[in-house]
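Please take a look at the protein below. A short report on one helix, one loop residue and one pocket goes with it.

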Amino acid sequence: SYEPEPDDLVITLDPGMAFGTGLHATTRLCLQALEAHPPSGQRILDVGCGSGILSIAAALFGAASVTAIDNDPVAVTASRENAERNAVADRMQVAWGTLPSGTAGKTPLHNETDYDLVVANILASVIMSLFDEGLADLVEPGGMLLLSGILAHQADEVIVKARESGLTLRETKRIEDWVALALTK
């Protein structure tokens with residue numbers, strides 16, 4: 001039971017078997033970044049959306065549209081149900097998929113436009129491979145890439161890969177052994 005303050009945004013969530021309850025440090029870091037830089041009117045891509053918590057938060061913070069993708073069908077189902085539960089399904093497209101290169105059986109992401117904000121709260125090793133698949137190319141010039149799921153000792157390697165992909169580090173936040181990186185294009 002939670003009694004919200006008048007200015008609180010409340011997300012009602014059943015993660016099922018998907019990642020993303022809001023309690024893990026990486027999710028909290030991303031939520032704090034979304035609150036600090038509200039994506040009002042922006043086009044958002046959530047890569048590895050899990051329960052949909054970050055996509056839902058972006059929609060509640062005023063995003064014009066949110067595309068949420070995950071390679072786990074359980075996560076896709078949870079995200080869709082949570083979008084309905086939070087009355088943001090009209091602005092949130094959820095798909096079982098990957099970045100443009102795609103994988104057998106999954107729908108590759110065919111973006112008609114770049115995104116103002118791309119969020120990826122997944123393991124550093126996966127983030128590194130996503131850079132090779134064109135993750136940075138999905139960010140609109142002047143847009144932001146928000147990365148988390150990165151242990152502090154992995155941050156420098158991710159930052160180097162991001163710079164090689166044409167991104168500039170804007171901000172680093174840390175909770176416990178986890179970091180979130182905000183990068184701009």
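This report starts with helix α5, moves to the loop after it, and ends with a pocket. The model is predicted.

**Helix α5**

Helix α5 spans residues 155–164. Its buried residues are Ala155, Val158, Ile159, Lys161 and Ala162. They lie on the same side of α5, because they cover an arc of only 165° around the axis. Several elements cover these buried residues, including the four in the table.

| Element covering α5 | Residues |
|---|---|
| α4 | 124–132 |
| β6 | 139–151 |
| β7 | 168–175 |
| β8 | 178–184 |

The face turned away from the buried side carries exposed residues: Asp156, Glu157, Arg163 and Glu164.

**The loop after α5**

Glycine 166 comes just after α5 and has a positive phi of about 90°. Leucine 167 sits in the loop between α5 and β7. Is leucine 167 buried or exposed? Leucine 167 counts as buried, because its relative accessibility is 3%, and the cut-off for buried is under 20%. Beyond residues up to four places away in sequence, leucine 167 touches Phe131, Ala136, Leu145, Ala162, Leu183, Thr184 and Lys185. Leucine 167 and alanine 182 are 15 residues apart in sequence, and their C-alpha atoms are 9.7 Å apart in space.

**A pocket**

The second largest pocket has a volume of about 410 Å³. Helices α1 (25–36) and α2 (53–60) are the elements that each give two or more residues to its lining. The lining has 15 residues, and Asp8, Leu9, Val10, Ile11 and Leu31 lie nearest the centre of the pocket. By class, the lining holds 10 nonpolar, 2 polar and 3 charged residues.

Key
Residues numbered from 1 in each chain as written. Predicted model: local features only at pLDDT ≥ 70, side-chain atom pairs only at ≥ 80, totals over all residues. Heavy atoms only, no water. Buried < 20%, exposed > 50% of the residue type's maximum accessible area, 1.4 Å probe, protein only. Arc of directions from axis to C-beta. Contact = heavy atoms within 4.5 Å. 1 Å grid on protein atoms, 1.4 Å probe; cavity = no way out; pocket = protein on both sides within 12 Å on 5 of 7 lines; lining within 4 Å. Points joined across faces, edges and corners; volume = space filled by probe spheres on them. Nonpolar A, V, L, I, M, F, W, Y, C, P; charged D, E, K, R; others polar.
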